[in-house]
Amino acid sequence: MGMWASLDAMWEMPAEKRIFGAVLVFSWTVYLWETFLAQRQRRIYKTTTHVPPELGQIMDSETFEKSRLYQLDKSTFSFWSGLYSEIEGTLILLFGGIPYLWRLSGRFCGYAGFGPEHEITQSLVFLLLATLFSASTGLPWSLYNTFVIEEKHGFNQQTLGFFMKDAIKKFVVTQCILLPVSSLLLYIIKIGGDYFFIYAWLFTLVVSLVLVTIYADYIAPLFDKFTPLPEGKLKQEIEVMAKSIDFPLTKVYVVEGSKRSSHSNAYFYGFFKNKRIVLFDTLLEEYSVLNKGIQEESGMEPRNDGEGDSEEVKAKVKNKKQGCKNEEVLAVLGHELGHWKLGHTVKNIVISQVLSFCLTVLSRRFEFQADAFAKKLGKAKDLYSALIKLNKDNLGFPVSDWLFSMWHYSHPPLLERLQALKNTKQD
């Protein structure tokens, strides 16, 4: 009865207070739901201490334990950072932080000679101050995640100086994009009349497509070094595979992702007849700065026993990334090209305009379809082994709570993908 009485009381409030209360209730409902799901998954991390029998052939106990501890640490960090974020947002609402920031931005505009009629200018100042506040309060969490959690588990490759320079650069680039786009969006809303929401939606869609198009060519190179994949067998095989499915490949790049993290990835980008493929150097053992550095420090190819190497070099050799063989790289790319051939990229853009949960559900289906496409290219066996290597290098935990997985994972769990590939895997 108490809950219903509270709801009745809320509906008797003035409209603005009802909206305020509804926002808080909705925010905390979502937070508590997400926390409930996270705790279900955390229970899996804590209780699954031994490699399940079905994983015995694909994961050793040492890797399994490393993965379990890594995910536990990430889960703990996510809980505390999420709780802080929710409390911070609640306090900002309760104590009028947003109106205060709006008034403050108005004062700054007044100092510069802009009156109340310049609401777009004031809105841009408000956005600048809000993102500056967000970046400042988020910085300690980001530092802890990078230099404690990622460092502890062997993924971080950044120095503090590099991290801070990178953070400042990201903030500046974000403002250079956010402020002009926001000013145009606000202008469209101002002159759009009764159908402003349609024009605003179309504008944001066009901006999204433009950013996807220019990101890899003009934005990503500001942060990471992209170099063309040298001529050789791997490049030739990539070009042959692309040609076999009419993928309009123009360039293949290797990105030096290892200077900030040892996680691996690969992707493609571009529209129409101008497609490019990007491989992380951590995916390719022979190109990885991490593995080259190990060899340079030891002065030779690392020996199996590590005899004669320093303790630091021995530790790095132990954490040396496997990398993927050419056949496995091609299998991973076969999966990515499957997303293109099956139209998943365009479908994801359209669906993302409607509902994020539907996107997660459909994305899982797309991943199975892309795996099946790689299988049709004759890459099932290599993709099978590549997925195991990537999971090991990234310390992915292969056991998950079904509800947490369904809600959060855009990619199916490793076991499900391997089982689908195993059904028709080439011998």
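Student: How many bridges join strand 3 to strand 4, and do the two run parallel or antiparallel?

Tutor: Strand 3 covers residues 266–269, and 4 bridges join this strand to strand 4 in an antiparallel arrangement. One place to see the pairing is Ala266, which stands opposite Leu279 of strand 4. Keep in mind that this is a predicted model.

Student: In what sense do strand 2 and strand 4 pair?

Tutor: Strand 2 and strand 4 pair in the parallel sense, over 6 bridges. Here Tyr253 is the residue to find, as it stands opposite Val278 in strand 4.

Student: How many residues of strand 4 are buried?

Tutor: Buried means a relative accessible area under 20%. In strand 4, residues 275–280, 6 of the 6 residues are buried, so the strand is largely enclosed by the rest of the structure.

Student: Which residues point one way from strand 4, and which the other way?

Tutor: Lys275, Ile277 and Leu279 point one way, while Arg276, Val278 and Phe280 point the other way; all are buried.

Student: How should I read a helix, for example the span of helix 14 from its first C-alpha to its last?

Tutor: The expected span is 1.5 Å times one less than the number of residues. Helix 14 runs over residues 380–393, has 14 residues and reaches 20 Å, close to the 20 Å expected.

Student: Is helix 14 largely enclosed, and which of its residues are buried?

Tutor: Helix 14 is largely enclosed by the rest of the structure, because 11 of its 14 residues are buried. The buried set includes charged residues, among them Asp382, Lys389 and Asp393, and also such residues as Leu383, Tyr384 and Ile388.

Student: What follows helix 14?

Tutor: Leu395 follows helix 14, and its phi is positive, near 50°.

Student: Where else is there a positive phi in a residue that is not a glycine?

Tutor: Asp246 has a positive phi of about 60° and is not a glycine. Asp246 is found in the loop between helix 8 (233–244) and strand 2 (249–255). With a relative accessible area of 61%, Asp246 is exposed.

Student: Turning to buried charge, what is the nearest side chain of opposite charge to Glu150?

Tutor: A salt bridge needs a side-chain nitrogen of Lys or Arg within 4 Å of a carboxyl oxygen of Asp or Glu. Glu150 is buried yet has no salt bridge, and the nearest side chain of opposite charge, Lys74, is 5.7 Å away. Glu150 belongs to helix 5, residues 119–152. Leaving out residues up to four places away in sequence, Glu150 touches Tyr70, Asn145, Phe155, Asn156 and His263.

Student: Is Arg68 buried or exposed, and what is Arg68 in contact with?

Tutor: Arg68 is buried, at a relative accessible area of 10%, and lies in helix 3, residues 61–94. Beyond its neighbours within four places in sequence, Arg68 is in contact with Tyr45, Lys46, Thr48, Thr49 and Phe397.

Student: How many disulfides does a search of the whole structure find?

Tutor: The search finds 0 disulfides. As for individual cysteines, Cys109 counts as buried at 5% relative accessibility, whereas Cys176 is exposed, with a relative accessible area of 55%.

Student: How many helices and strands does the protein chain have, and what share of its residues is buried?

Tutor: The protein chain has 16 helices and 4 strands. Of its 427 residues, 37% are buried. For contacts with a separation of 6 or more, residues 24 or more positions apart account for 74%.

Definitions and conventions. Residues are numbered from 1 along each chain as its sequence is written. This is a predicted model: local features need pLDDT of at least 70, side-chain atom pairs count only at pLDDT 80 or more; totals for chains, interfaces and linings use all residues. Side-chain values use heavy atoms; hydrogens and water are left out. Buried means under 20% relative accessible area, exposed over 50%, partly exposed in between (1.4 Å probe, protein chains only). Contact means heavy atoms within 4.5 Å. A disulfide is a pair of cysteine sulfur atoms within 2.5 Å. Two strands pair if DSSP finds at least two bridges between them.
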